[in-house]
Amino acid sequence: MLMVGVGSMVPGNFHAGEKREGNCSLLPRRMEVFDGEKVIEEFEEMTKDAGRVQVETLKKILEENGWAEYLQNLGLNGRTDPQSFKECIPLATHDDFEAYIQRIADGDSSPILTGKPIESMSLSSGTSKGRPKFIPFNDSLFETTMQIFQTSFAFRNKQIPLGNGKALQFVYSSKQFKTKGGLAAGAATTNVYRNPKFKTTMKAIQSQSCSPDEVIFGSDFHQSLYCHLLCGLISRDEIESVFSSFAHSIILPFKTFEQVWEELCTNIRDGVLSSWVTDPSIRAAMSKLLKPDPELADLIYKKCAGLINWYGLIPELFPNAKYIYGIMTGSMEPYLMKLRHYAGHLPLISADYGASEGWIGVNVNPMLPPEMATFAVIPNIGYFEFIPLKANAQDQEQEGAQENKPVGLTEVKIGEEYEIVVTNVAGLYRYRLGDVVKVMGFHNATPELKFVCRSNLLLSINMDKITEKDLQLAVEAARTVLAAEKLELVEFTSHADITSEPGHYVIFWEISGEAKEEVLIECCNRLDKVFQEAGSVSWRKGKATGALELRVVRKGTFHKIMEHYVSLGSAMSQYKTPRAVGSTNTAVFDILCSNVVSSYFSTAF
């Protein structure tokens, strides 16, 4: 689950699901006034007939792109019905599209994947495989982004209406560059932010950013983050929501605030921006906002001095904030404890479900805690299939390599887990997104999904199979030992070490303080026990897999990893800590290994 939202920047001049061709138009119509009730009404109507809308959505995608080379080579020959589509077009991964996408990036403007030429490329975060990948981006994909933001905002605003204030949005736009063929390329979020239509959509809703464009598009992430904080403080009484793409990218600015709050107060008191902020455009923009305000500086200083361990920092700084919003499910769940610490009484609302390849579902129950969040699939933003998963890995092995056949959107069953397959509006057909979801229920006739984990194995030694969810459960079990010592787990990742016999799993931890050796040994044992419950205890007891190793790294190690990915061109808005680091990812692996301060082996078996 990757694609970030700028969810508080939800547009208001695009209307979801115009009543045309069975209410499945891929391009929502413009509207001058945001009407949340109308958006919800049309969403309800569309999801009641989700099966038909899906058929018409596929038909429209294939009518627009059916003569593209990829589809023609596979013998589709202009047919647009689901049966022909599934018979002709195989399930595919990014590897299957990579050569086609590279030709487009290199300047081939013929209809390769889509009927109309692709004019820009999105870059994935690169944290899954260690390098970003190109993903086609077009106006149709932008329009579906606008639609899902609007729908999400309608449901959210119905529960917690916003006034005419501002939003503190920790958003960052990475630089675009030109591919060999002259196409604009950048992070998916950058393609959204830089679209000329995007800024006009912000004015139709009550959630304009408190930061000027120069801060969002700044050349240096650290300078932008600092100035986002400063802009928020200057507008503190107007801030109604706090947003960033992911839970961890909401936490990062407030962890930074703990270190720089006195400097921020000085900037406000003197009306002068710190000299280390050197980006000329940022300095020029901030000079228009920043005026000497000793009274505000004293107030903020007093608020901060009165906090105990920074608990409730966000509502203390922004007394009119109503909620905190961002992606908080899946790999973001480990950050919720820290985020709630900063949030105090403010509700956390999980943003919508999508990826760089496109959007999938919207949070129509925004008041549920993030751990219980589900996402209702919007049936007209793509064509969706679901591969039923076996009950467990042993069943898969016993039945051989043959997979279950994908089922349609309305054919999924409550309580079952599936891998998602997407056909989007930008040239990806029957694309295996790589996410495992569980069907928790239905909103009318469309399923409500809960993200479970990535479908690819995170780690494997011998016959063990460890997923991201397994790692997360193990870490949660072990971090309770830290919590009892009033210590905090800052970040973590993993590695399968097969350089010696037997191979063994390595967990890298960054923690908030110094822990006693016996505490860390207990943490290591807890990790090992849960790992073996997920994999196979017999392999450990039989010494086919070695004892799990816990390596503690210096403070700031994971910040260095983040900076490494940002230096490669990843947008901070899309960055997620990689939960597994292979030895082939030498740069990140070297950062981890060179910062190890202590190491412990499990004695659990």
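**Sheet and helices in a predicted model**

An open sheet of five parallel-paired strands runs in the order β8-β5-β9-β10-β11. The model is predicted.

Trainee: What makes β8 and β11 the edge strands?

Mentor: Each of them pairs on one side only. β8 covers 208-209, and β11 covers 348-350.

Trainee: How do you know that β5 and β9 pair?

Mentor: Count the bridges. Pairing needs at least two bridges. Strand β5 (residues 166-170) and strand β9 (residues 239-246) are joined by five. They therefore count as paired. Their direction is parallel. For one partner, take L168: its bridge partner in β9 is V242.

Trainee: Which helices lie across strands of the sheet?

Mentor: Helix α11 (residues 247-270) lies across β5, β9 and β10, at about 120° to β9. Helix α15 (residues 336-343) lies across β10 and β11, at about 135° to β11.

Trainee: Why is α11 called oblique to β9 rather than perpendicular?

Mentor: Roughly perpendicular covers 65 to 115 degrees, and roughly antiparallel starts over 145. The angle is about 120°. It falls between those ranges, so the word is oblique.

Trainee: Now the helix pairs. Why is α1 called roughly perpendicular to α6?

Mentor: Helix α1 (residues 36-48) and helix α6 (residues 139-159) pack at about 110°, with axes 9 Å apart. The range for roughly perpendicular is 65 to 115 degrees, so the label fits α1 and α6. The contact includes V39, I40 and F43 of α1, and A154 and F155 of α6. By class, that contact has six nonpolar, four polar and three charged residues.

Trainee: What makes α11 and α13 roughly antiparallel?

Mentor: α11 and helix α13 (residues 294-305) pack at about 160°, and their axes are 7 Å apart. Anything over 145 degrees counts as roughly antiparallel, so α11 and α13 qualify. α11 passes α13 in a left-handed crossing. Among the contact residues are F257 and W261 of α11, with L296 and Y301 of α13. This contact has ten nonpolar, no polar and three charged residues.

Trainee: Why is C265 of α11 put with the nonpolar residues?

Mentor: C265 is a Cys, and Cys is on the nonpolar list, so C265 counts there.

Trainee: Where does pLDDT stay under 50?

Mentor: Over residues 1-31, and over residues 393-400. The model has 150 contacts beyond four places in sequence for residues 1-31, and eight for residues 393-400. Where pLDDT is low, predicted coordinates should not be read in detail. For the protein, the average pLDDT is 85, and 86% of the residues score at least 70.

Note on methods: Residues are numbered from 1 along each chain as its sequence is written. This is a predicted model: local features need pLDDT of at least 70, side-chain atom pairs count only at pLDDT 80 or more; totals for chains, interfaces and linings use all residues. Side-chain values use heavy atoms; hydrogens and water are left out. pLDDT is the predictor's confidence in each residue, from 0 to 100. Contact means heavy atoms within 4.5 Å. Helices (H or I, at least four residues) and strands (E, at least two) are DSSP runs, numbered from the N terminus. Axes are lines fitted to C-alpha atoms, for helices over the stretch in contact, and angles run from 0 to 180 degrees between N-to-C directions. Angles under 35 degrees count as roughly parallel, over 145 as roughly antiparallel, 65 to 115 as roughly perpendicular and the rest as oblique. A crossing is left-handed if the near helix is turned anticlockwise from the far one by less than a right angle, and right-handed if clockwise.
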